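Subject: Structure handover

Hello,

Here is the structure I said I would pass on. Please look it over before you set anything up with it; my notes are underneath.

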Amino acid sequence: MANYFNTLPLREQLAQLAQCEFMDPAEFADGVAALKGKKLVIVGCGAQGLNQGLNLRDSGLDVSYTLRDSAIIERRQSFLNASENGFTVGTYEELIPTADVVLNLTPDKQHTAVVNAIMPMMKQGSTLAYSHGFNIVEEGMQVRDDITVIMVAPKCPGSEVREEYKRGFGVPTLIAVHPENDPQGHGLAQAKAYAAGTGGHRAGVLKSSFIAEVKSDLMGEQTILCGMLQTGSILCFDKMIEKGVDAGYASKLIQYGWEVVTEALKYGGVTNMLDRLSNPAKVKAFELSEELKVIMRPLYNKHQDDIIDGTFSRVMMEDWANDDANLLKWRAETAETNFEKTPAGDVEITEQEFFDNGILMVAMVKAGVELAFETMTAAGIIAESAYYESLHETPLIANTIARKKLFEMNRTISDTAEYGCYLYNHACLPLLQDFMQNIDTDVIGRGLGERSNHVDNQTLIAINKSLREHPVEIIGTKLRGYMSAMKKIV
Ligand SMILES: NC(=O)C1=CN([C@@H]2O[C@H](COP(=O)(O)OP(=O)(O)OC[C@H]3O[C@@H](n4cnc5c(N)ncnc54)[C@H](OP(=O)(O)O)[C@@H]3O)[C@@H](O)[C@H]2O)C=CC1
Ligand SMILES: CC[C@](O)(C(C)=O)C(=O)O
Ligand SMILES: [Mg+2]
Ligand SMILES: [Mg+2]
(Lines give C-alpha, C1' and ligand atoms only; values in the text may rest on other atoms or scores of the structure.)
(Ligands and ions follow the chains in the order given, each with its own letter.)
Protein backbone atom coordinates (compact mmCIF):
# COMPACT_ATOMS: atom_id res chain seq x y z
CA MET A 1 0.00 0.00 0.00
CA ALA A 2 1.27 3.50 -0.84
CA ASN A 3 0.82 6.75 1.06
CA TYR A 4 -2.47 7.98 -0.50
CA PHE A 5 -1.66 11.69 -0.08
CA ASN A 6 1.65 11.26 -1.88
CA THR A 7 -0.03 9.60 -4.85
CA LEU A 8 -2.20 12.66 -5.56
CA PRO A 9 -1.25 15.49 -7.92
CA LEU A 10 -0.22 18.67 -6.09
CA ARG A 11 -3.40 20.50 -7.09
CA GLU A 12 -5.54 17.76 -5.50
CA GLN A 13 -3.33 17.64 -2.39
CA LEU A 14 -3.77 21.36 -1.85
CA ALA A 15 -7.51 21.22 -2.51
CA GLN A 16 -8.05 18.44 0.02
CA LEU A 17 -5.79 20.08 2.61
CA ALA A 18 -7.85 23.25 2.37
CA GLN A 19 -11.20 21.48 2.53
CA CYS A 20 -12.97 22.70 5.61
CA GLU A 21 -16.37 24.27 5.98
CA PHE A 22 -18.16 25.13 9.21
CA MET A 23 -21.58 23.55 8.84
CA ASP A 24 -24.78 25.41 9.56
CA PRO A 25 -26.65 23.78 12.49
CA ALA A 26 -29.72 23.69 10.21
CA GLU A 27 -27.93 20.97 8.20
CA PHE A 28 -28.48 18.66 11.17
CA ALA A 29 -32.24 19.12 11.33
CA ASP A 30 -32.73 15.43 10.47
CA GLY A 31 -30.60 14.35 13.44
CA VAL A 32 -29.74 10.66 13.31
CA ALA A 33 -32.45 9.78 10.74
CA ALA A 34 -29.99 8.55 8.09
CA LEU A 35 -28.81 5.85 10.51
CA LYS A 36 -32.09 5.07 12.24
CA GLY A 37 -32.93 1.37 12.03
CA LYS A 38 -29.47 0.53 10.73
CA LYS A 39 -27.17 -1.82 12.58
CA LEU A 40 -24.03 -0.09 13.86
CA VAL A 41 -21.21 -2.42 14.90
CA ILE A 42 -18.21 -0.90 16.65
CA VAL A 43 -14.86 -2.68 16.43
CA GLY A 44 -12.95 -2.06 19.68
CA CYS A 45 -14.22 -0.68 22.96
CA GLY A 46 -11.50 1.65 24.23
CA ALA A 47 -11.29 5.43 24.68
CA GLN A 48 -13.39 6.43 21.65
CA GLY A 49 -15.22 3.13 21.12
CA LEU A 50 -16.96 3.00 24.47
CA ASN A 51 -17.84 6.68 24.73
CA GLN A 52 -19.06 7.11 21.17
CA GLY A 53 -21.11 3.92 21.50
CA LEU A 54 -22.83 5.15 24.66
CA ASN A 55 -23.75 8.44 22.98
CA LEU A 56 -24.97 6.79 19.79
CA ARG A 57 -27.17 4.40 21.77
CA ASP A 58 -28.58 7.23 23.88
CA SER A 59 -29.37 9.00 20.61
CA GLY A 60 -31.62 6.08 19.64
CA LEU A 61 -29.30 4.06 17.42
CA ASP A 62 -28.74 0.30 17.36
CA VAL A 63 -25.19 -0.26 18.60
CA SER A 64 -23.26 -3.45 19.32
CA TYR A 65 -19.58 -4.33 19.65
CA THR A 66 -17.30 -6.77 17.96
CA LEU A 67 -13.95 -7.61 19.52
CA ARG A 68 -11.11 -9.87 18.57
CA ASP A 69 -11.58 -13.41 19.91
CA SER A 70 -8.88 -13.12 22.58
CA ALA A 71 -10.55 -10.07 24.16
CA ILE A 72 -13.80 -11.99 24.53
CA ILE A 73 -12.24 -15.24 25.75
CA GLU A 74 -10.01 -13.46 28.28
CA ARG A 75 -12.83 -11.07 29.23
CA ARG A 76 -10.44 -8.17 28.78
CA GLN A 77 -11.24 -4.56 29.74
CA SER A 78 -12.73 -3.84 26.32
CA PHE A 79 -15.09 -6.80 26.75
CA LEU A 80 -16.06 -5.58 30.23
CA ASN A 81 -16.53 -2.00 28.96
CA ALA A 82 -19.08 -3.18 26.41
CA SER A 83 -20.83 -6.00 28.25
CA GLU A 84 -21.15 -4.23 31.62
CA ASN A 85 -22.82 -1.36 29.81
CA GLY A 86 -25.41 -3.75 28.43
CA PHE A 87 -24.24 -3.94 24.82
CA THR A 88 -24.30 -7.10 22.72
CA VAL A 89 -20.73 -8.30 22.14
CA GLY A 90 -19.76 -10.80 19.48
CA THR A 91 -16.96 -12.07 17.30
CA TYR A 92 -16.22 -10.63 13.86
CA GLU A 93 -17.91 -13.66 12.27
CA GLU A 94 -21.05 -13.14 14.34
CA LEU A 95 -21.52 -9.40 13.92
CA ILE A 96 -19.65 -7.94 10.94
CA PRO A 97 -21.87 -9.63 8.29
CA THR A 98 -24.96 -8.13 9.98
CA ALA A 99 -23.63 -4.55 10.09
CA ASP A 100 -24.87 -1.69 7.96
CA VAL A 101 -22.13 0.51 9.39
CA VAL A 102 -18.87 -0.75 10.88
CA LEU A 103 -17.15 1.81 13.12
CA ASN A 104 -13.45 1.01 13.26
CA LEU A 105 -12.38 2.33 16.68
CA THR A 106 -9.26 0.26 17.20
CA PRO A 107 -5.81 1.87 17.53
CA ASP A 108 -4.44 3.23 14.25
CA LYS A 109 -1.51 0.85 14.37
CA GLN A 110 -3.97 -2.06 14.08
CA HIS A 111 -6.11 -0.63 11.27
CA THR A 112 -4.58 -2.44 8.35
CA ALA A 113 -4.87 -5.83 10.05
CA VAL A 114 -8.37 -5.11 11.36
CA VAL A 115 -9.73 -3.78 8.06
CA ASN A 116 -8.19 -6.68 6.12
CA ALA A 117 -9.85 -9.10 8.54
CA ILE A 118 -13.31 -7.55 8.53
CA MET A 119 -13.61 -6.32 4.92
CA PRO A 120 -14.35 -9.75 3.37
CA MET A 121 -17.17 -10.20 5.91
CA MET A 122 -18.78 -6.79 5.34
CA LYS A 123 -22.20 -6.62 3.67
CA GLN A 124 -22.45 -5.45 0.07
CA GLY A 125 -23.04 -1.68 0.10
CA SER A 126 -22.28 -1.19 3.78
CA THR A 127 -20.24 1.61 5.34
CA LEU A 128 -16.86 1.67 7.06
CA ALA A 129 -16.30 4.57 9.48
CA TYR A 130 -13.13 5.89 11.10
CA SER A 131 -12.43 8.55 13.74
CA HIS A 132 -8.99 9.33 12.33
CA GLY A 133 -7.88 9.00 8.74
CA PHE A 134 -4.36 7.62 9.20
CA ASN A 135 -5.11 4.24 7.63
CA ILE A 136 -6.63 5.77 4.50
CA VAL A 137 -4.26 8.71 4.06
CA GLU A 138 -0.88 7.50 5.32
CA GLU A 139 -1.18 3.76 4.67
CA GLY A 140 -3.28 3.99 1.51
CA MET A 141 -5.80 1.38 2.58
CA GLN A 142 -7.87 0.33 -0.43
CA VAL A 143 -11.45 -0.38 0.54
CA ARG A 144 -13.82 -2.52 -1.55
CA ASP A 145 -15.56 -0.44 -4.22
CA ASP A 146 -19.08 -1.10 -2.96
CA ILE A 147 -18.25 0.12 0.58
CA THR A 148 -18.79 3.75 1.63
CA VAL A 149 -15.92 5.18 3.70
CA ILE A 150 -16.61 8.04 6.11
CA MET A 151 -14.92 9.72 9.04
CA VAL A 152 -16.35 11.31 12.17
CA ALA A 153 -13.48 12.62 14.26
CA PRO A 154 -14.24 14.22 17.62
CA LYS A 155 -11.65 16.86 18.45
CA CYS A 156 -11.06 15.67 21.99
CA PRO A 157 -10.32 12.64 24.19
CA GLY A 158 -13.02 9.94 24.40
CA SER A 159 -13.91 10.76 28.01
CA GLU A 160 -14.96 14.28 26.99
CA VAL A 161 -17.07 12.95 24.13
CA ARG A 162 -19.23 11.31 26.78
CA GLU A 163 -19.08 14.03 29.45
CA GLU A 164 -20.15 16.77 27.05
CA TYR A 165 -22.98 14.61 25.71
CA LYS A 166 -24.24 13.99 29.24
CA ARG A 167 -24.22 17.76 29.78
CA GLY A 168 -26.58 17.99 26.80
CA PHE A 169 -23.92 19.30 24.50
CA GLY A 170 -21.09 17.77 22.44
CA VAL A 171 -17.58 18.34 21.20
CA PRO A 172 -16.44 19.96 17.95
CA THR A 173 -16.20 17.27 15.30
CA LEU A 174 -14.73 16.95 11.87
CA ILE A 175 -16.53 14.84 9.26
CA ALA A 176 -15.41 13.62 5.85
CA VAL A 177 -16.21 11.19 3.06
CA HIS A 178 -13.34 9.43 1.27
CA PRO A 179 -13.73 10.56 -2.37
CA GLU A 180 -12.62 7.13 -3.64
CA ASN A 181 -15.43 5.36 -1.70
CA ASP A 182 -18.83 6.98 -1.96
CA PRO A 183 -20.56 4.60 -4.39
CA GLN A 184 -24.13 5.45 -3.37
CA GLY A 185 -23.53 9.12 -2.63
CA HIS A 186 -24.89 8.81 0.90
CA GLY A 187 -21.57 9.13 2.77
CA LEU A 188 -22.18 12.71 3.85
CA ALA A 189 -25.71 12.02 5.09
CA GLN A 190 -24.43 9.11 7.18
CA ALA A 191 -21.47 11.08 8.53
CA LYS A 192 -23.81 13.91 9.56
CA ALA A 193 -26.14 11.47 11.32
CA TYR A 194 -23.19 9.83 13.09
CA ALA A 195 -21.92 13.25 14.23
CA ALA A 196 -25.42 14.10 15.46
CA GLY A 197 -25.56 10.79 17.33
CA THR A 198 -22.42 11.66 19.28
CA GLY A 199 -23.70 15.18 20.03
CA GLY A 200 -20.98 16.79 17.93
CA HIS A 201 -23.48 18.87 15.91
CA ARG A 202 -24.27 20.90 19.03
CA ALA A 203 -20.68 22.10 19.35
CA GLY A 204 -19.84 22.66 15.69
CA VAL A 205 -19.05 20.36 12.79
CA LEU A 206 -16.45 20.99 10.12
CA LYS A 207 -17.05 19.32 6.75
CA SER A 208 -13.53 18.42 5.79
CA SER A 209 -11.43 15.74 4.10
CA PHE A 210 -9.55 12.69 5.35
CA ILE A 211 -6.34 14.45 4.35
CA ALA A 212 -7.01 17.72 6.19
CA GLU A 213 -8.00 15.78 9.30
CA VAL A 214 -4.88 13.64 9.34
CA LYS A 215 -2.36 16.38 8.61
CA SER A 216 -3.86 18.70 11.24
CA ASP A 217 -4.63 16.10 13.92
CA LEU A 218 -1.09 14.69 13.85
CA MET A 219 0.39 18.19 14.03
CA GLY A 220 -1.72 19.32 16.96
CA GLU A 221 -1.23 16.22 19.05
CA GLN A 222 2.52 15.99 18.70
CA THR A 223 3.29 19.69 19.25
CA ILE A 224 1.14 21.88 21.49
CA LEU A 225 -1.46 19.41 22.72
CA CYS A 226 0.74 16.70 24.17
CA GLY A 227 4.41 17.32 23.30
CA MET A 228 4.58 20.87 24.64
CA LEU A 229 2.76 20.00 27.86
CA GLN A 230 5.08 17.03 28.43
CA THR A 231 8.28 19.00 27.75
CA GLY A 232 7.01 21.95 29.77
CA SER A 233 6.15 19.73 32.74
CA ILE A 234 9.60 18.18 32.86
CA LEU A 235 11.53 21.44 32.37
CA CYS A 236 9.48 23.53 34.80
CA PHE A 237 9.58 20.87 37.51
CA ASP A 238 13.33 20.27 37.23
CA LYS A 239 14.03 24.01 37.33
CA MET A 240 12.03 24.45 40.54
CA ILE A 241 13.86 21.57 42.21
CA GLU A 242 17.23 22.98 41.10
CA LYS A 243 16.29 26.32 42.69
CA GLY A 244 15.15 24.82 45.99
CA VAL A 245 11.35 24.99 45.63
CA ASP A 246 9.62 22.32 47.73
CA ALA A 247 9.18 19.20 45.58
CA GLY A 248 5.57 18.56 46.59
CA TYR A 249 4.67 22.18 45.82
CA ALA A 250 6.46 22.05 42.47
CA SER A 251 4.74 18.82 41.56
CA LYS A 252 1.32 20.22 42.41
CA LEU A 253 1.94 23.51 40.60
CA ILE A 254 2.67 21.62 37.37
CA GLN A 255 0.16 18.80 37.66
CA TYR A 256 -2.80 21.12 38.21
CA GLY A 257 -1.33 24.30 36.76
CA TRP A 258 -1.83 23.36 33.09
CA GLU A 259 -5.50 22.75 33.79
CA VAL A 260 -5.97 26.04 35.62
CA VAL A 261 -4.18 28.29 33.15
CA THR A 262 -5.75 26.63 30.10
CA GLU A 263 -9.21 26.98 31.62
CA ALA A 264 -8.69 30.71 31.07
CA LEU A 265 -7.65 29.89 27.50
CA LYS A 266 -10.85 27.93 26.98
CA TYR A 267 -13.05 30.87 27.93
CA GLY A 268 -11.20 33.76 26.38
CA GLY A 269 -8.25 32.55 24.35
CA VAL A 270 -4.61 33.53 24.78
CA THR A 271 -5.71 37.08 25.53
CA ASN A 272 -7.73 36.08 28.57
CA MET A 273 -5.03 33.68 29.78
CA LEU A 274 -2.51 36.52 29.83
CA ASP A 275 -5.05 38.95 31.25
CA ARG A 276 -5.10 36.77 34.36
CA LEU A 277 -1.55 37.90 35.13
CA SER A 278 -0.52 41.18 36.76
CA ASN A 279 0.77 43.71 34.24
CA PRO A 280 4.47 43.07 34.98
CA ALA A 281 3.86 39.31 34.86
CA LYS A 282 2.02 39.69 31.55
CA VAL A 283 4.97 41.57 30.06
CA LYS A 284 7.33 38.86 31.31
CA ALA A 285 5.16 36.03 29.96
CA PHE A 286 4.89 37.77 26.61
CA GLU A 287 8.65 38.29 26.35
CA LEU A 288 9.37 34.67 27.31
CA SER A 289 6.87 33.39 24.79
CA GLU A 290 8.40 35.49 22.02
CA GLU A 291 11.80 34.01 22.86
CA LEU A 292 10.34 30.51 22.93
CA LYS A 293 8.67 31.02 19.57
CA VAL A 294 11.97 31.94 17.93
CA ILE A 295 13.72 28.89 19.42
CA MET A 296 10.94 26.39 18.75
CA ARG A 297 9.68 27.58 15.33
CA PRO A 298 12.12 25.35 13.38
CA LEU A 299 10.91 22.36 15.39
CA TYR A 300 7.25 23.12 14.62
CA ASN A 301 8.14 23.56 10.95
CA LYS A 302 9.96 20.23 10.96
CA HIS A 303 7.03 18.40 12.52
CA GLN A 304 4.61 19.89 9.99
CA ASP A 305 6.94 19.20 7.04
CA ASP A 306 7.48 15.60 8.14
CA ILE A 307 3.75 15.11 8.58
CA ILE A 308 2.91 16.58 5.19
CA ASP A 309 5.46 14.61 3.18
CA GLY A 310 4.85 11.33 5.02
CA THR A 311 8.24 11.12 6.78
CA PHE A 312 6.59 11.08 10.20
CA SER A 313 4.23 8.22 9.37
CA ARG A 314 6.98 6.23 7.64
CA VAL A 315 9.29 6.52 10.67
CA MET A 316 6.49 5.69 13.11
CA MET A 317 5.49 2.66 11.05
CA GLU A 318 9.12 1.51 11.07
CA ASP A 319 8.90 1.61 14.86
CA TRP A 320 5.65 -0.39 14.71
CA ALA A 321 7.49 -2.98 12.65
CA ASN A 322 10.32 -2.93 15.17
CA ASP A 323 8.02 -3.96 18.05
CA ASP A 324 7.59 -0.32 19.15
CA ALA A 325 11.18 -0.13 20.37
CA ASN A 326 11.30 3.70 20.45
CA LEU A 327 7.80 4.08 21.83
CA LEU A 328 8.47 1.69 24.68
CA LYS A 329 11.84 3.27 25.48
CA TRP A 330 10.34 6.77 25.58
CA ARG A 331 7.36 5.58 27.63
CA ALA A 332 9.72 4.03 30.19
CA GLU A 333 11.91 7.18 30.30
CA THR A 334 8.84 9.35 30.95
CA ALA A 335 7.77 7.15 33.84
CA GLU A 336 11.19 7.74 35.41
CA THR A 337 11.20 11.55 35.23
CA ASN A 338 11.33 13.35 38.58
CA PHE A 339 8.04 15.08 37.86
CA GLU A 340 6.28 11.79 37.27
CA LYS A 341 7.76 10.19 40.38
CA THR A 342 7.09 13.07 42.78
CA PRO A 343 3.59 13.12 44.24
CA ALA A 344 1.74 16.42 44.48
CA GLY A 345 2.17 17.84 47.99
CA ASP A 346 -0.67 18.39 50.44
CA VAL A 347 -0.41 22.13 50.07
CA GLU A 348 -3.03 24.68 49.10
CA ILE A 349 -2.47 26.61 45.88
CA THR A 350 -5.14 29.18 45.10
CA GLU A 351 -6.42 29.57 41.57
CA GLN A 352 -4.67 32.93 41.14
CA GLU A 353 -1.41 31.54 42.52
CA PHE A 354 -1.23 29.03 39.65
CA PHE A 355 -1.00 32.02 37.31
CA ASP A 356 1.25 34.19 39.50
CA ASN A 357 3.78 31.41 40.12
CA GLY A 358 3.38 29.76 36.71
CA ILE A 359 4.35 32.62 34.39
CA LEU A 360 6.64 30.34 32.37
CA MET A 361 3.84 27.79 31.94
CA VAL A 362 1.58 30.52 30.57
CA ALA A 363 4.38 31.57 28.20
CA MET A 364 4.86 27.97 27.03
CA VAL A 365 1.14 27.51 26.33
CA LYS A 366 0.96 30.80 24.44
CA ALA A 367 4.05 30.00 22.37
CA GLY A 368 2.88 26.45 21.60
CA VAL A 369 -0.68 27.42 20.66
CA GLU A 370 0.42 30.26 18.39
CA LEU A 371 3.23 28.28 16.76
CA ALA A 372 1.02 25.26 16.09
CA PHE A 373 -1.71 27.48 14.66
CA GLU A 374 0.71 29.53 12.54
CA THR A 375 2.49 26.44 11.21
CA MET A 376 -0.72 24.61 10.33
CA THR A 377 -2.29 27.56 8.53
CA ALA A 378 0.96 28.25 6.65
CA ALA A 379 0.77 24.66 5.39
CA GLY A 380 -2.71 25.24 3.95
CA ILE A 381 -4.86 23.98 6.83
CA ILE A 382 -7.89 26.18 7.33
CA ALA A 383 -8.01 28.40 10.44
CA GLU A 384 -11.07 26.70 11.96
CA SER A 385 -9.39 23.31 11.87
CA ALA A 386 -6.07 24.72 13.13
CA TYR A 387 -7.91 26.38 16.03
CA TYR A 388 -9.56 23.12 17.12
CA GLU A 389 -6.22 21.31 16.89
CA SER A 390 -4.35 23.89 18.93
CA LEU A 391 -6.13 26.24 21.29
CA HIS A 392 -9.45 24.43 21.66
CA GLU A 393 -8.07 21.04 22.61
CA THR A 394 -5.22 22.12 24.91
CA PRO A 395 -7.46 22.45 28.01
CA LEU A 396 -8.93 19.00 27.35
CA ILE A 397 -5.49 17.41 27.34
CA ALA A 398 -4.43 19.48 30.38
CA ASN A 399 -7.36 17.89 32.26
CA THR A 400 -5.80 14.45 31.77
CA ILE A 401 -2.50 15.59 33.33
CA ALA A 402 -4.42 16.91 36.34
CA ARG A 403 -5.83 13.42 36.81
CA LYS A 404 -2.65 11.33 36.84
CA LYS A 405 0.17 13.34 35.33
CA LEU A 406 1.87 12.45 32.04
CA PHE A 407 1.02 8.79 32.51
CA GLU A 408 -2.68 9.56 32.25
CA MET A 409 -2.25 11.87 29.27
CA ASN A 410 -0.28 9.27 27.32
CA ARG A 411 -2.70 6.50 28.34
CA THR A 412 -5.77 8.43 27.23
CA ILE A 413 -4.59 9.67 23.86
CA SER A 414 -4.28 7.53 20.75
CA ASP A 415 -1.18 5.55 19.81
CA THR A 416 -0.17 8.05 17.11
CA ALA A 417 -0.50 10.92 19.57
CA GLU A 418 1.62 9.16 22.18
CA TYR A 419 4.36 8.42 19.66
CA GLY A 420 4.34 11.99 18.32
CA CYS A 421 4.38 13.43 21.83
CA TYR A 422 7.55 11.54 22.75
CA LEU A 423 9.14 12.44 19.44
CA TYR A 424 8.55 16.14 20.07
CA ASN A 425 9.67 15.91 23.68
CA HIS A 426 12.87 14.15 22.68
CA ALA A 427 13.76 16.99 20.30
CA CYS A 428 12.45 19.90 22.38
CA LEU A 429 14.18 19.17 25.70
CA PRO A 430 17.71 19.77 24.35
CA LEU A 431 16.50 22.67 22.21
CA LEU A 432 15.35 24.57 25.31
CA GLN A 433 18.41 23.80 27.42
CA ASP A 434 20.12 27.20 26.96
CA PHE A 435 16.84 29.06 27.39
CA MET A 436 16.23 27.27 30.69
CA GLN A 437 19.68 28.28 32.01
CA ASN A 438 18.42 31.84 32.35
CA ILE A 439 15.15 30.91 34.05
CA ASP A 440 14.64 31.52 37.76
CA THR A 441 11.86 31.10 40.31
CA ASP A 442 10.42 34.55 39.59
CA VAL A 443 8.76 33.00 36.53
CA ILE A 444 8.26 29.46 37.79
CA GLY A 445 7.62 28.54 41.42
CA ARG A 446 7.69 31.78 43.39
CA GLY A 447 6.40 34.55 41.14
CA LEU A 448 7.36 38.19 40.85
CA GLY A 449 6.26 38.87 44.45
CA GLU A 450 5.90 42.37 45.78
CA ARG A 451 8.20 44.00 43.27
CA SER A 452 7.21 47.27 41.65
CA ASN A 453 3.99 47.09 39.71
CA HIS A 454 5.46 49.50 37.19
CA VAL A 455 5.01 48.82 33.50
CA ASP A 456 5.71 51.01 30.54
CA ASN A 457 2.41 52.12 28.99
CA GLN A 458 3.61 51.87 25.41
CA THR A 459 4.94 48.36 26.00
CA LEU A 460 1.69 47.20 27.56
CA ILE A 461 -0.40 48.72 24.77
CA ALA A 462 1.76 47.03 22.13
CA ILE A 463 1.53 43.66 23.92
CA ASN A 464 -2.25 43.86 24.31
CA LYS A 465 -2.62 44.77 20.65
CA SER A 466 -0.38 41.94 19.54
CA LEU A 467 -2.29 39.43 21.68
CA ARG A 468 -5.72 40.49 20.48
CA GLU A 469 -4.78 40.68 16.82
CA HIS A 470 -3.20 37.24 16.51
CA PRO A 471 -5.18 35.18 13.94
CA VAL A 472 -5.85 32.42 16.49
CA GLU A 473 -7.69 34.99 18.58
CA ILE A 474 -9.75 36.25 15.65
CA ILE A 475 -11.01 32.79 14.65
CA GLY A 476 -11.25 31.72 18.31
CA THR A 477 -13.61 34.56 19.17
CA LYS A 478 -15.84 33.56 16.26
CA LEU A 479 -15.87 29.81 17.04
CA ARG A 480 -16.32 30.24 20.79
CA GLY A 481 -19.22 32.54 19.98
CA TYR A 482 -20.91 29.75 18.01
CA MET A 483 -20.34 27.31 20.85
CA SER A 484 -21.85 29.47 23.56
CA ALA A 485 -24.72 30.49 21.31
CA MET A 486 -25.48 26.84 20.61
CA LYS A 487 -25.09 25.91 24.27
CA LYS A 488 -27.86 28.35 25.17
CA ILE A 489 -30.28 26.65 22.76
CA VAL A 490 -29.95 23.30 24.58
N1 LIG B 1 -7.86 8.46 22.10
C2 LIG B 1 -8.65 9.44 21.71
O3 LIG B 1 -9.21 10.15 22.53
C4 LIG B 1 -8.88 9.71 20.26
C5 LIG B 1 -8.77 8.70 19.34
N6 LIG B 1 -9.15 8.92 18.04
C7 LIG B 1 -9.06 7.81 17.09
O8 LIG B 1 -9.98 6.80 17.51
C9 LIG B 1 -9.48 5.52 17.14
C10 LIG B 1 -9.42 4.61 18.37
O11 LIG B 1 -8.43 5.12 19.23
P12 LIG B 1 -8.50 4.90 20.81
O13 LIG B 1 -9.90 5.06 21.25
O14 LIG B 1 -7.44 5.76 21.40
O15 LIG B 1 -8.09 3.37 20.92
P16 LIG B 1 -7.88 2.54 22.27
O17 LIG B 1 -6.48 2.11 22.31
O18 LIG B 1 -8.43 3.25 23.45
O19 LIG B 1 -8.88 1.30 22.05
C20 LIG B 1 -8.47 0.19 21.49
C21 LIG B 1 -9.62 -0.83 21.35
O22 LIG B 1 -9.28 -1.58 20.20
C23 LIG B 1 -9.07 -2.94 20.57
N24 LIG B 1 -7.93 -3.50 19.85
C25 LIG B 1 -6.62 -3.27 20.06
N26 LIG B 1 -5.88 -3.94 19.18
C27 LIG B 1 -6.73 -4.63 18.40
C28 LIG B 1 -6.57 -5.53 17.33
N29 LIG B 1 -5.38 -5.85 16.86
N30 LIG B 1 -7.67 -6.04 16.79
C31 LIG B 1 -8.89 -5.73 17.23
N32 LIG B 1 -9.11 -4.89 18.24
C33 LIG B 1 -8.04 -4.35 18.82
C34 LIG B 1 -8.84 -2.94 22.08
O35 LIG B 1 -9.33 -4.14 22.64
P36 LIG B 1 -8.46 -5.38 23.13
O37 LIG B 1 -7.02 -4.94 23.19
O38 LIG B 1 -9.01 -5.71 24.46
O39 LIG B 1 -8.71 -6.40 22.09
C40 LIG B 1 -9.68 -1.76 22.52
O41 LIG B 1 -10.99 -2.14 22.71
C42 LIG B 1 -8.11 5.75 16.50
O43 LIG B 1 -8.28 5.82 15.12
C44 LIG B 1 -7.71 7.13 17.06
O45 LIG B 1 -6.81 7.84 16.24
C46 LIG B 1 -9.66 10.10 17.61
C47 LIG B 1 -9.80 11.15 18.49
C48 LIG B 1 -9.33 11.05 19.85
C1 LIG C 1 -4.67 14.93 21.25
C2 LIG C 1 -4.68 13.63 20.77
C3 LIG C 1 -5.77 13.10 19.86
O4 LIG C 1 -5.65 13.57 18.54
C5 LIG C 1 -7.11 13.57 20.38
C6 LIG C 1 -7.55 13.19 21.71
O7 LIG C 1 -7.76 14.32 19.69
C8 LIG C 1 -5.57 11.62 19.88
O9 LIG C 1 -5.25 11.09 18.82
O10 LIG C 1 -5.67 11.03 20.96
MG1 LIG D 1 -5.15 12.00 17.10
MG1 LIG E 1 -7.23 14.66 17.79
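The notes below cover the metal site, the ligand surroundings, one buried glutamate and the sheet. Please keep in mind that this is a predicted model.

**Metal site**

The magnesium ion written as ligand 3 has two protein donors, Asp-217 through OD and Glu-221 through OE, lying 2.1 Å from the ion. Asp-217 also serves a second metal: this residue bridges ligand 3 and the other magnesium ion, ligand 4, and the two ions lie 3.4 Å apart.

Both donor residues sit in helix α11, which spans residues 210-242. Because Asp-217 and Glu-221 are 4 residues apart in that helix, about one helical turn separates them. Buried means under 20% relative accessible area. Asp-217, with a relative accessible area of 12%, is therefore buried, and Glu-221, at 7%, is buried as well. These values take protein chains only into account.

**Ligand 2**

Asp-217 and Glu-221 turn up again among the residues around ligand 2. The others in that list are Cys-156, Pro-157, Leu-225, Glu-393, Ile-397, Ile-413, Ser-414 and Ala-417.

Which side chains place a polar atom 2.7 Å, 2.6 Å and 2.5 Å from an oxygen atom of ligand 2? For Glu-221 the distance is 2.7 Å, for Glu-393 it is 2.6 Å, and for Ser-414 it is 2.5 Å. Glu-221 is thus listed both as a donor to the magnesium ion of ligand 3 and with a polar side-chain atom 2.7 Å from an oxygen atom of ligand 2.

**Ligand 1**

Ligand 1 is surrounded by 26 residues, of which the closest are Cys-45, Ala-47, Arg-68, Ser-78 and Asp-108. Three polar pairs may be useful when you check the pose:

- Arg-76: a polar side-chain atom lies 3.1 Å from an oxygen atom of the ligand.
- Gln-110: an N or O atom in the side chain is 3.2 Å from a nitrogen atom of the ligand.
- Thr-412: a backbone N or O atom lies 3.1 Å from a nitrogen atom of the ligand.

**Glu-418**

Glu-418 belongs to helix α21, residues 415-431. Is this residue buried or exposed? Its relative accessibility is 6%, so Glu-418 counts as buried. Its side chain makes a polar contact of 2.8 Å with the side chain of Arg-331. Leaving aside residues up to four places away in sequence, Glu-418 touches Leu-327, Arg-331, Asn-410 and Ile-413. Of these, Ile-413 is also one of the residues around ligand 2.

**The sheet**

An open sheet of 9 strands runs in the order β1-β9-β8-β7-β6-β5-β2-β3-β4, with mixed pairing. Strands β1 (20-22) and β4 (89-90) stand at the edges with a single partner strand each, so one side of each has no neighbour in the sheet.

Both senses of pairing can be seen at β9. Towards β1 the two strands run antiparallel and are joined by 3 bridges, with Phe-22 having Leu-206 in β9 as its bridge partner. Towards β8 (residues 173-177), β9 (residues 205-208) pairs in the parallel sense, over 3 bridges, and Thr-173 stands opposite Val-205. Helix α11 packs on this sheet, touching β6 (127-130), β7 (148-154), β8 and β9, and its direction makes about 35 degrees with that of β7. This is the helix that holds Asp-217 and Glu-221.

Regards

Definitions and conventions
Residues numbered from 1 in each chain as written. Chains lettered and ligands numbered in written order. Predicted model: local features only at pLDDT ≥ 70, side-chain atom pairs only at ≥ 80, totals over all residues. Heavy atoms only, no water. Donors = N, O, S within 2.8 Å, 3.2 Å for Na, K, Ca; no water. Buried < 20%, exposed > 50% of the residue type's maximum accessible area, 1.4 Å probe, protein only. Pairing = 2+ DSSP bridges. Contact = heavy atoms within 4.5 Å. Axes fitted to C-alpha atoms, helices over the stretch in contact; angles between N-to-C directions. Near = heavy atom within 4 Å. Polar contact = N/O pair within 3.5 Å; in protein donor to acceptor, adjacent residues only side chain to side chain.
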